[in-house]
Amino acid sequence: MGRIRILSDQVANQIAAGEVVDRPASVVKELLENALDAGANRIRVEVEAGGRKLIRIADDGCGMNRDDALLAFERHATSKLRSANDLLAIATLGFRGEALPSIASVARVTLETAPPPEEGLTGTRLEIAGGRLLHVDDAALPQGTTISVADLFFNTPARRKFLRTESTELAHVTALVTHYALVHPEKHFELVSASHTLVSAPPVTRTAERIYQIFGKDTLEQLLPVAAEAPLERAGLPEPPPWKRDPDEAPKPPGVIRVSGFYSKPELQKLNRNSIYIFVNKRLIRDRLLLHAISEAYRNVIPPTSSPVVLLFLEMPPEEVDVNVHPAKTEVRFRQSSLIHDFVRDSLRTALMKARPAAQFLAALNSNPLASPSLMPSGISPLPAGPGNGSGLEPSPDPYPVLPDSEPIIPEDSEGFQLRVQQPAPTPIRLPFEPGAFRPGSFSGAGLTATSAALLQGELLQAAGGCSQDSGELAGCSSGLASAAAQVEAEQAARTLNHLGSLKPLGQLRESFILATGDDGLWIIDQHVAHERVLFEKILRARKVEQVQRQRLLMPLLVELKPWQMVVFAQVAGELERNGFEVEPFGPQTLALKAAPVGLEGIELERALTEVIEQAGADGESSGNEGLRDLGRRVAASIACHSAIKVNTPLDPARMEWLLLELAKTEHPTNCPHGRPIALLYSWREIQRAFHRI
């Protein structure tokens, strides 16, 4: 008898469950995607014990008839694919037909579904436990599907032991529902745990309103919008051969690629990439190519060790992206990866250049890069984890709560980052407790109606992010969210650096910072980093036309180096030449510097040369066009830093006005090439508030 055997369907399903289902959030992800593919407009998610005990997802989608409900739990049974060619253009979130049988093999599943009434069919209710069908019955049900998953991993105790605490698993589920609520603002999402509503997101018109609705005003104020579109010159897939091509079918146009979303101001920085959320065709993914494009967009705007906060929504023809490359579908491959990378990088970079956001003086005091788990202050960190949430849930020890099914690409000692649902602040209200307001045992009196109205007044509902089911109140709440989000966006548009050239300098603070006034308030400008930004962009422009100005030294400057630094010098000598340095070896460990860029002299010249060589050695050998471009920017940043006006340098009014005018002409007047802020605004409104004028 041979050793190789064909596994039974139940064993095969449990093996597949190991790839698809590794925690309750994985179950929620698969079922949530099925609901969205079914065209649901309202989705309710209920969990108990972090999803270990029960997960129930109800939707109002298209539903299924009896035959489809039974087939749905067979392996590789799907309504989304017909042939192998369909794999080349997947437009749905799910497509493999593995999720339901895999989940049913490791849990007790109850499915209740009904098709639209016009089909004239009854609903179906079926129960499956550990992959075995127990009951199938007809049932009178409304249109849609409700699926309950109880006792997850009840028949695989080893898998159950690897689950984390209830609060941790609940944090993953909350993050997942929040992400899909962001990408589908037109749909209603609700997440309930133990009779407590964690997420309640009625439909809104725009993503900005959804962000305001879930995270609140403070989060929306720290983000700026981005939107761009570009036509594709060619299709990513090659055309089929002539014998497979339909002669009557017109050639399909390549289509367009669109990017939209929100990105953080340079003042908001994080120590890891867990604060970057990327959606491709409304699918949450983690992609190294796009992460690199975002980092490149912020190059020389924030420090290289920091990361921004980004919510990015990419839309492109389904043929341009392959989603069938990861078991959990959290990674994708682009047909035209270089084009996608450059488009995202240039779109974000252009948006940053146009926005020119002004850093607020008070916000800058707490803007140090952190690996914090929330955009909200730690003292009021809301559900599902964090101090002061008032929920009794312990903080999540998981370092990566954003994508439970992906492999993190951040340092292992970094703390995770996750957008959290805003916790409503307590609102003082007056309840009618006067005599006769209501009597015990009577639930229909006018007094009780008044009490309920006081408890559920509009302000409280709006703070909680939810609305009643009454269509009029729902429309009023949506209108209130729209106006509030629009007000925040208008305030952001007014706080820019577009008026730097019109500021009136008042003087210097300790001969290091320029104080200036404008219509929007009091400005504080760091004279060193402002001049550094001016020189940095000037050097880059001169490099493009190969007209870098240099000055010859009367006597060569001898610079002593270590042996390893001499090796690095041999690698970067050409880039130093292109930036205005004329250097040649003068012995085994000595360099003779004969010419240098204009502005560098004395000890600063030697420091700049040594700094460039040390940085190149620390970053490793640079290769290719990208490595040379990065090295050129580092050299330009070092030259600008050592040539710029120093602190403790007195400036006359004319010199200060010149510096402000030159700074206004730069592309990125927000930060110096090393990421430090240049100008801080103490707005007129903040000044009035500090003096209790408003």
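## Close-up views of a predicted protein model

**View 1. Glu511 sits in a loop between two strands.** Glu511 is partly exposed, with 37% relative accessible area. In this predicted model, the residue belongs to the loop that links strand S17 (504–509) to strand S18 (513–518). Look at the backbone here: Glu511 is not a glycine, yet its phi is positive, at about 55 degrees.

**View 2. His692 also has a positive phi.** The value for His692 is about 55 degrees, and this residue is not a glycine either. His692 lies in the segment after helix H20 (684–690). Is the residue buried or exposed? With a relative accessibility of 72%, His692 counts as exposed, because the cut-off for that class is over 50%.

**View 3. The whole chain, as a backdrop to the close-ups.** The protein chain holds 20 helices and 23 strands. Of its 694 residues, 48% count as buried. Its exposed surface comes to about 34000 Å², with carbon and sulfur atoms supplying 54% of that area. Among the contacts in the protein chain with a separation of 6 or more, 74% are between residues 24 or more positions apart. Several of the views below show residues from separate parts of the sequence.

**View 4. Helices H15 and H19 cross obliquely.** Helix H15 covers residues 527–544 and helix H19 covers residues 653–664; their axes come within 9 Å and cross at roughly 50 degrees. H15 and H19 are therefore oblique to each other, as that angle falls outside the ranges for roughly parallel (under 35 degrees) and roughly perpendicular (65 to 115). The crossing of H15 past H19 is left-handed. On the H15 side, the contact uses Gln527, Ala530, His531, Arg533 and Val534, while H19 brings Arg655, Trp658, Leu659, Glu662 and Leu663. Sorted by class, the contact of H15 with H19 has 5 nonpolar, 2 polar and 3 charged residues.

**View 5. Helices H2 and H6 run roughly parallel.** The axes of helix H2 (residues 24–37) and helix H6 (residues 166–183) come within 9 Å, crossing at roughly 20 degrees. H2 and H6 are therefore roughly parallel to each other, since the limit for that description is under 35 degrees. H2 passes H6 in a right-handed crossing. From H2, the residues to pick out are Pro24, Ala25, Val28, Lys29, Leu32, Glu33 and Leu36, which meet Glu169, His172, Val173, Leu176, Val177 and Tyr180 of H6. The class count for the contact of H2 with H6 is 9 nonpolar, 1 polar and 3 charged residues.

**View 6. Thr174 is a buried residue of H6.** Staying with the same pair of helices, find Thr174 in helix H6. Its relative accessibility is 2%, so Thr174 counts as buried; the cut-off for buried is under 20%. How far apart in space are the C-alpha atoms of Thr174 and Val28? They are separated by 9.9 Å, although their positions lie 146 residues apart in sequence as a separation.

**View 7. Helices H9 and H10 make a right-handed crossing**. The axes of helix H9 (residues 288–297) and helix H10 (residues 337–355) come within 8 Å and cross at roughly 30 degrees. That makes H9 roughly parallel to H10. The residues of H9 in the contact are Leu289, Leu290, His292, Ala293, Ile294, Glu296 and Ala297; those of H10 are Ser337, Ile340, His341, Val344, Arg345, Leu348, Arg349 and Leu352. By class, the contact of H9 with H10 comprises 9 nonpolar, 3 polar and 3 charged residues.

**View 8. Ala355 of helix H10 and the residues it touches.** Ala355 belongs to helix H10 and is partly exposed, with a relative accessible area of 22%. Which residues does Ala355 touch, leaving aside those up to four places away in sequence? They are Leu224, Tyr263 and Thr496. For Leu224, the C-alpha separation from Ala355 is 8.0 Å, and the two residues are 131 residues apart along the chain.

**View 9. Asp86 and Glu319, a pair from separate parts of the sequence**. Asp86 is in the loop between helix H3 (66–71) and helix H4 (99–104). This residue is partly exposed, at 27% relative accessible area. Asp86 and Glu319 are 233 residues apart in sequence, and their C-alpha atoms are 9.5 Å apart in space.

Notes. Residues numbered from 1 in each chain as written. Predicted model: local features only at pLDDT ≥ 70, side-chain atom pairs only at ≥ 80, totals over all residues. Heavy atoms only, no water. Helix = DSSP H or I, 4+ residues; strand = E, 2+ residues; numbered from the N terminus. Buried < 20%, exposed > 50% of the residue type's maximum accessible area, 1.4 Å probe, protein only. Contact = heavy atoms within 4.5 Å. Areas by Shrake-Rupley, 256 points an atom, 1.4 Å probe, with all protein chains shown as cover. Axes fitted to C-alpha atoms, helices over the stretch in contact; angles between N-to-C directions. Parallel < 35°, antiparallel > 145°, perpendicular 65-115°, else oblique. Left-handed = near helix turned anticlockwise from the far one by under 90°. Nonpolar A, V, L, I, M, F, W, Y, C, P; charged D, E, K, R; others polar.
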